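Student: I would like to go through this model in a few short questions. Please keep to the geometry.

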Amino acid sequence: MTAEYKVHGNVAVITMTNPPVNGLGLSTRQGIVDGLGKANADAAVQSIVITGAGAAFSGGADIKEFGTDRAMQEPNLNSVILAIENSPKPVVAALHSVAMGGGLELALGCHYRVAAPGCSIALPEVKLGILPGAGGTQRLPRVIGVEPALNMIVSGEAIKSEMLGMLPGQKLFDKLVASPETLAAEALAFAQSVAGVRPLPLVRNLPCKHPEGDAYFQFARNMVKGMSKNFPAPAKCVDAVEAATKKKFADGMAVEREIFINLMWTAESRSLRHLFLAERAASKIPDVPSDTPKRDIQAVAVIGAGTMGGGIAMNFLNAGIPVKMLEMKQEALDRGIATIRKNYEAQVKKGKLKQDKYEQRMALLSTTLDYADLKDADLVIEAVFEELGVKEAVFKQLDAVMKPGAILASNTSTLDVNKIANFTQRPQDVVGLHFFSPANVMKLLEVVRGEATAKDVMATVMAVAKKIKKVAVVSGVCDGFIGNRMIEQYGRQGGFLLDEGCTPAQVDKAMEKFGMAMGPFRMGDLAGNDIGWAIRKRRYQEKPDMKYSKTADLLCEKGRFGQKTGAGWYDYVPGKRDAIPNAEVEQMIADHRAALGITPRKISDEEIVQRLVFSLVNEAAHILEEGIANKASDIDIVYIYGYGFPVHRGGPLNYADEVGLFNVVQAMNRFAQNPLDDAAFWKPAPLLARLAAEGKTFN
Ligand code: 3H9
């Protein structure tokens, strides 16, 4: 049982003990009900306190239990809350740290609530694609008012207890105690003070009205339209809260229940729940236990003050960690500093950063032209030109000057981290830290683990990633690591689609309709088509048998590198990012097609999406099987945070699971029949073929 029962004088205290956040799983729910039973059977007990041990009152329903029988098993959360409401002795919730979702709903079922300051209060279910399903939509409006409650439910954002306690007329808290440390004693005293009160107050009996009902809810519906594009939950939250204002409590509860169950079964909710757990799982490395000692990172050095080096430096400055930047020439340093200033000043102008914070951050930045000045840094990240010879020179110098135990990281996006490590006498201290551009904005960080990288280095960089607010995913060493290795196949399919009859705009539109932040050709224009060109030139040497469309090379031969040259697959007006289709490019594609003797065919959006997404899936299956990625969910995280894959689809492998791997394999077999495609690539990866045959999923 994950709830503890103790009696202090005439007060029974039920403490949830289900770390890490006292999720309301079956055994905790059972523990609460048992505790209530004991307390009500004990004549010496006059009132009851419910609280949570450790770092939370409760983080809500146990997300890991969703989709299993245990979630539905009695006592379910609504039954627990009913048991509390029906308790003949007063029940007081003592809230601290975190009271979210079902945890807050449990507290709303109690007769009284006392809270410590600093407690994060939220109904965050909408972020999991559902709505509060244990009375939250019906009770919260009754205690803090309809509008504040709807705002909380639709946004899912947390508000501190002391802020909520200041809302005029709020009935959420009966008492805000002095501090978390005094909560236990003050909750006991409060419980004693209400021991004799009868009848006991119930939130369900409070009125719930909005003076301009219909008009307000119409307004609310319009407000949530934007955020509802790919997600059904926000609009449903409005329906449920409206029911609270227009129906009897029991009928409102029935409305909430029905919506909750329907939302729980949507693909969008499954994707969001998958991503919640995937993001947390990504930080765990199977053979690096969480208690692995970490190195102390107090000072960072960055080699290279270009766009990447500057962006990387900003992450550390934002986190309050001093950075020393090294360049070969003073002018390059000056340019780098000016860009960092410009970025911060833009944030100040937009009101996103306070002037004093900006100055504090800049004060943490220093520069040098001399490697010897870096010797005391605990972590050095190289962001120089992407060529092995250049990296060799940098790492040999670092090896000569850095103090023992310093972590030497490369921001390479494709090169062999093992080779880089072997340029030094300390390969155990070398790791890849692949930031995504713009490095101060993109949340993804691929942590590339070399053959020799020490476990404490891995533990340290994962912790550092968290500190600089990145989502880190571990990748083994291979060309392109997880993300770029997969995107190469996606790009290749994009090329074949042009050869067969598509325009870049048609492909992009289909992918954007699917939900990608950008289609492949707009993405190429943003990243720079010359980058892909350089990689292809290398591939033509390494893999002469690999089939490629030559269209992208023809584009690059015209100097159309993308946004940076004002022309790529599309045209661009200076200062704007709108992609304007270009007739010459379309003619170039048509001429190339004609030269190959291909008669264009009409290709459906469905085929475009399947070929592009399944190309990611097949390569991902190889990556998983080779052990480059530790788990399927890591790959989903890479694509969500690094490549604009639609959140509501949960990542490429989650999407494949939703489509059904059998169907994915069938589609691949069909694509392999297309003489203009690459039949060898479409042979399902052995892992994928096996999972599909066994009726299993990636995740
Ligand atoms: C709900 O309540 C439905 C009801 O309305 C109706 C029911 C009928 N369950 O985020 P962190 C784990 S829906 C299980 O890194 P932080 C998490 O997986 C629920 N586990 O820490 C991780 O585990 P691990 C509504 C949970 O300090 C560990 O806790 N509630 C849950 O940055 C640490 O997590 C929510 O949506 C859970 N509910 O933030 C709350 N929550 O160590 C979602 C967390 O094994 N949770 N874990 O990887 C959060 O927002 C944050 O986790 C929280 C802590 C603020 C609580």
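The questions below cover the domains, the ligand site and the aromatic rings.

Student: How far apart do the C-alpha centres of domain 1 and domain 2 lie?

Tutor: This is a predicted model. The protein chain is divided into domain 1 (3-264), domain 2 (300-475) and domain 3 (483-693). Between the C-alpha centres of domain 1 and domain 2 the distance is 44 Å.

Student: What share of the ligand's exposed area does the protein bury?

Tutor: Among the contacts, a polar side-chain atom of Arg280 lies 2.7 Å from a ligand oxygen atom, and a polar backbone atom of Gly102 lies 2.8 Å from an oxygen atom of the ligand. Taken alone, the ligand exposes 1,000 Å². Of that area, the protein buries 75%.

Student: Which helices and strand each supply at least two residues of the shell around the ligand?

Tutor: There are 24 residues around the ligand, and Gly102 and Arg280 are among those that come nearest. Gly102 falls within the range 102-109 and Arg280 within 267-282, both of which are helices on the list. The elements asked for are strand S5, helix H4 and helix H12.

Student: What kind of aromatic pair do Phe514 and Phe645 form?

Tutor: The structure holds 13 aromatic pairs. For Phe514 and Phe645, the centres are 5.8 Å apart and the planes are at 80°. An angle over 60 degrees counts as edge-to-face, so the pair is edge-to-face.

Student: Are Phe514 and Phe645 buried or exposed?

Tutor: Phe514 is in helix H20, and Phe645 is in the loop between helix H26 and helix H27. The two are 131 residues apart. Both Phe514 and Phe645 are buried.

Definitions and conventions: Residues are numbered from 1 along each chain as its sequence is written. This is a predicted model: local features need pLDDT of at least 70, side-chain atom pairs count only at pLDDT 80 or more; totals for chains, interfaces and linings use all residues. Side-chain values use heavy atoms; hydrogens and water are left out. Domain bounds come from an automatic or database domain assignment. Rings of Phe, Tyr and Trp (its six-membered ring) pair if their centres lie within 6.5 Å; planes under 30 degrees apart count as stacked, over 60 as edge-to-face and the rest as tilted. Helices (H or I, at least four residues) and strands (E, at least two) are DSSP runs, numbered from the N terminus. Buried means under 20% relative accessible area, exposed over 50%, partly exposed in between (1.4 Å probe, protein chains only). A residue is near a molecule or strand if one of its heavy atoms lies within 4 Å of it. A polar contact is a pair of N or O atoms within 3.5 Å; within protein, one must be able to donate a hydrogen and the other to accept it, and residues adjacent in sequence count only if both atoms are side-chain atoms. Accessible areas come from the Shrake-Rupley method with a 1.4 Å probe; for residues, only the protein chains shown count as cover.
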